[in-house]
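Please load the model in your viewer and keep the selection panel at hand, since the stops below are meant to be followed in order.

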Amino acid sequence: MLKEADLVDLGRQADAVARRLHPQPWRTYAIDRNINFTNVCRCRCRFCAFWRRPDDPEAYVLSDSALDAKVEEAVRLGATHILAQGGLHPDLGLAFYENLLRRLKERFAVAMHCFSPPEIGHLAEREGLSVRTVLERLRAAGLDSLPGGGAEILVDRVRRLISPNKCTAGEWLDIMRTAHALGLPTTATMVFGHVETSAERIEHLRLVRDLQDETGGFLSFIAWPFQAGRTELARGGDLPAGWRPTSGAEYLRMIAVARLFLDNVPNLQASWVTMGTKIGQVALAFGANDLGSTMIEENVVAAAGCVHRASPEVLGRLIREAGFEPRQRNSRYEIL
């Protein structure tokens with residue numbers, strides 16, 4: 001299907017699945033803010049243009065007042081949750097993360113959807129603690145759910161090429177398994193369109209589906225294409241011969257296959273942030289039931305030169321033009 005199926009027919013099949021899972025007349029969006037409290041990261045992933053070394057003049061760690069101001073603005077604009085992530089900073093320990101959660105939860109009525117599996121693994125290694133203990137302490141401090149970042153492609157051959165200093169595929173899955181066991185729901189992601197094969201994309205989907213069969217903890221799946229601008233992977237000439245950016249048709253094919261394959265993941269989000277609002281809108285006919293966030297702030301994809309913005313009014317109009325009613329949701333995909 002991924003290589004050969006007729007695109008329009010594939011879209012129809014995926015749309016039928018989405019309508020069976022979500023027969024309501026609406027499609028959803030969220031209002032939140034992606035806050036990157038630091039860009040210092042020891043991983044130095046070759047597909048990422050955001051990270052900086054600790055001594056880089058552009059390196060930063062947000063002050064408490066700067067972080068609070070960002071959350072205060074987001075809440076004023078209607079945000080129901082905050083997605084806070086950082087690089088794997090060698091000097092920021094578990095206490096920093098706990099204090100961040102406690103302070104923000106005390107001041108603001110928002111859900112904290114924070115810290116990807118690589119960050120959790122980094123904290124466990126740095127503190128000499130188990131992943132379970134780290135997650136328990138973060139949950140006690142106010143963590144509500146985990147984003148699915150750091151998955152990229154869950155095949156170690158690929159990870160050795162694009163992110164050799166990051167957690168392995170097995171470690172990513174184990175951290176998510178532990179989070180689910182503790183009652184912390186998560187999302188699952190995929191970054192495709194770089195050095196992976198079609199078979200490796202399917203292996204990624206299989207691993208997500210198998211873990212979902214085991215735990216039921218994934219709320220949604222979000223796939224987006226690799227953004228090459230300003231990345232070491234692109235500068236080094238290490239992309240496959242004949243490589244070209246993922247087209248809109250290729251993106252729609254990938255999410256349609258994901259909707260058909262991931263029969264146990266309830267929600268599939270369209271990545272208008274990387275593909276633009278029009279392709280995001282078309283994705284609602286290719287298996288997606290959610291347009292994701294208004295993205296009051298987004299830094300990581302923007303660092304690679306891909307910048308799209310949309311207000312709640314724009315996302316609502318896109319959903320209506322696609323034949324559905326717009327509904328705002330929270331981080332747990334509950335209609336508000």
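A nonpolar core is a set of buried Ala, Val, Leu, Ile, Met, Phe, Trp, Tyr and Cys residues joined through side-chain atoms within 4.5 Å. Bear in mind throughout that this is a predicted model.

**The nonpolar core**

Begin by selecting Phe115, Leu138, Trp172 and Phe221, the residues with the most contacts inside the largest nonpolar core, which has 98 residues. Add helix α10, residues 248-261, to the selection: this helix gives the most to the core, contributing eight residues.

Now centre the view on Phe115 and ask which residues are in contact with Phe115 once its neighbours within four places in sequence are left aside. Among them are the aromatic residues Phe37 and Tyr97, together with Leu100, Leu101, Leu138, Leu143 and Leu146. Select also Ala84, Gln85, Ile120 and Pro147, which are likewise in contact with Phe115.

**The cysteines**

Next, how many disulfides does the structure hold? The structure holds zero. Select Cys45, which is in no disulfide, and display the sulfur of Cys43, the nearest cysteine sulfur, at 4.8 Å. Because its relative accessibility is 6%, Cys45 counts as buried. Moving to Cys114, you will find that this residue is also in no disulfide, and that its nearest cysteine sulfur, belonging to Cys41, is 17 Å away. Cys114 counts as buried as well, because its relative accessibility is 0%.

**Glu196 and its loop**

Turn then to the loop between β5 (186-192) and α8 (198-215), where Glu196 is found. Is Glu196 buried or exposed? With a relative accessibility of 10%, which is under the 20% limit, Glu196 counts as buried. Show the side chain of Glu196 and follow its two polar partners: it reaches the backbone nitrogen of His194 at 2.9 Å, and it makes a polar contact with the side chain of Arg201 at 2.8 Å. If neighbours within four places in sequence are left aside, the contacts of Glu196 are with Ile153, Arg157, Val158 and Arg201, so that Arg201 appears both in this list and as a polar partner of the side chain.

**Gly216, at the other end of α8**

Finally, select Gly216, in the loop between α8 and β6 (218-225). Its relative accessible area is 49%, and Gly216 is therefore partly exposed. Add Pro185 and draw the C-alpha to C-alpha distance, which is 8.7 Å, although Gly216 and Pro185 are 31 residues apart in sequence.

Conventions. Residues numbered from 1 in each chain as written. Predicted model: local features only at pLDDT ≥ 70, side-chain atom pairs only at ≥ 80, totals over all residues. Heavy atoms only, no water. Disulfide = S-S within 2.5 Å. Buried < 20%, exposed > 50% of the residue type's maximum accessible area, 1.4 Å probe, protein only. Helix = DSSP H or I, 4+ residues; strand = E, 2+ residues; numbered from the N terminus. Contact = heavy atoms within 4.5 Å. Polar contact = N/O pair within 3.5 Å; in protein donor to acceptor, adjacent residues only side chain to side chain.
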